[in-house]
Amino acid sequence: MAEGIKIIKGNIVFTPSFGQLEVFESSFILIEGKTVKGIYRELPAEYTNMAVTDYQNTLIIPGFVDLHFHAPQFANKGLGLDLELLPWLERYTFPEEAKYTNIAYAQAVYKQVVTELWKWGTTRVACFGTIHKAATAKLLELLALAGLGGYVGKVNMDRNSPDILIETTEQSLTDTEDYIKATVDRYELVKPIITPRFVPTCSPELMTGIAKLAQKYNLPVQSHLSENAGEIAWVKKLHPECQNYASVYHQFGLFGQQPTVMAHCIYNDDAEIALMAKSKVHVAHCPYSNNNLASGIAPIRKHLDNGIAVGLGSDVAGGHEVSIARVMTMAIQVSKLKWLATDKSEKFFTIPEVFYLATKGGGSFFGKVGSFEAGYEFDALVIDDSSLEVSACNQYSVEDRLSRFIYIGDYHNIVARYVAGAKIEQPQL
Ligand code: GUN
Ligand code: FE
């Protein structure tokens, strides 16, 4: 019998395209090595004498993708959220991130962070560290030890930053390259990513330099774009030569020259949206953060209609929830406010739509991730939702059960997790 084959049975649910839910009740999923080979209602004869992991009446869904997360802000969840972005960064975020010169502190928090991601069913994460290369390399190591997949960035900041959290241009470039060399070939599922914090904290020389590193090591790029009115006005003042915020990144080689994900994208004009689409930039939609920091409601349906790939992000600690299921419900809720605010022209999201964003939408930034189509890496969550049943009303369809898990379930309902074909247990860090 073929080596490395796994067969798993349950109620299989996923979204091969935006808004299209596929349901295979009581079916088999065949995994060869890291990837899905197929889904079968009846097991083909050649496999019938192989062992099956029978998860019985559970739901089996793709693992959640968090496309925008700040690991060093974990201790700040729920703090300072009566402020808007810029004063929040200055008073809460920068002082907390400055602590990550201390590797013991970093290690202690990052262990907890990785355990929380595992717990809530995040199987892939695009993650910011801090400017500190040692602490950030530790985060990457811990994610790899836990068996999770991700991109982790050493943050770049050489201007408009407080003395406790700033680098010289030269140090920033040297440390970024050291960090890349130390990590780029070290782990299979966790890789470095070029991470300018945002335009206001990165000089033109720095942006040019890290764009060269992105090319040299063939790395993706992550940053923030058009989140807050004060931020956007600041960028305009810093770069009057550019038509808009996106073209600042673009002129320095950080906007689609390599695979790129930008968080927020709330206030882009049509020219910017056209550049985002042309540059194949992914958007990380972070509705909790956008509510908490009173930033606004991102026009996500419009981005999608323009052919832009979108995933969901927790944006901890702008967002206070690690759970991507909660982020899904918040994405629906804010889209309803957007629908009302646009005279019902921008339609609100449905469960199959946000389920796609949380899985295949964000997963596409990682390759063939976030679906159970043949050839996709098998990232999965096994959901035992029996605790959500109402005994007198036992008539939920698989679709209903998925909706109830997303709205009212939590980590207790996640009974098994897989990343790239491997079952991952609670991290022992
Ligand atoms: N823009 C620049 N830095 C940050 C950050 O840490 N969080 C958010 N939400 N926006 C930012
Ligand atoms: Fe962020």
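This passage describes the site of ligand 1 and the cavities of the structure. The model is predicted.

The structure holds 4 cavities of 30 Å³ or more. The largest cavity has a volume of about 100 Å³. Ligand 1 takes up the space of this largest cavity.

Ligand 1 is surrounded by H70, Q73, L85, W88, L89, R197, F198, H224, E227, H264, S289 and D315. By class, this shell has 4 nonpolar, 5 polar and 3 charged residues. Helix α1, which spans residues 85-98, gives the largest share of the shell, with 3 residues.

Three side chains were examined for their distances to the ligand. For R197, an N or O atom of the side chain is 2.7 Å from an oxygen atom of ligand 1. For Q73, the corresponding distance, also to a ligand oxygen atom, is 2.9 Å. H224 faces a nitrogen atom instead: an N or O atom of its side chain is 3.5 Å from that ligand nitrogen. On its own, ligand 1 has 280 Å² of accessible area, and the protein covers 100% of it.

The lining of the largest cavity was assigned as well. It is formed by H70, Q73, L85, W88, L89, R197, F198, H224, E227 and D315. This lining has 4 nonpolar, 3 polar and 3 charged residues. Here too, the largest share comes from α1, with 3 residues.

Conventions
Residues are numbered from 1 along each chain as its sequence is written. Chains are lettered from A and ligands numbered from 1 in the order in which they are written. This is a predicted model: local features need pLDDT of at least 70, side-chain atom pairs count only at pLDDT 80 or more; totals for chains, interfaces and linings use all residues. Side-chain values use heavy atoms; hydrogens and water are left out. A residue is near a molecule or strand if one of its heavy atoms lies within 4 Å of it. A polar contact is a pair of N or O atoms within 3.5 Å; within protein, one must be able to donate a hydrogen and the other to accept it, and residues adjacent in sequence count only if both atoms are side-chain atoms. Accessible areas come from the Shrake-Rupley method with a 1.4 Å probe; for residues, only the protein chains shown count as cover. On a 1 Å grid over the protein atoms alone, a cavity is a set of points where a 1.4 Å probe fits but cannot get out, and a pocket is an open set with protein on both sides within 12 Å along at least five of seven lines; lining residues have an atom within 4 Å of a point. A molecule sits in a cavity or pocket if more than half of its atoms lie within 2 Å of its grid points. Helices (H or I, at least four residues) and strands (E, at least two) are DSSP runs, numbered from the N terminus. Ala, Val, Leu, Ile, Met, Phe, Trp, Tyr, Cys and Pro count as nonpolar, Asp, Glu, Lys and Arg as charged, and the others, Gly among them, as polar. Grid points are joined across faces, edges and corners, and a volume is the space filled by probe spheres set on the points.
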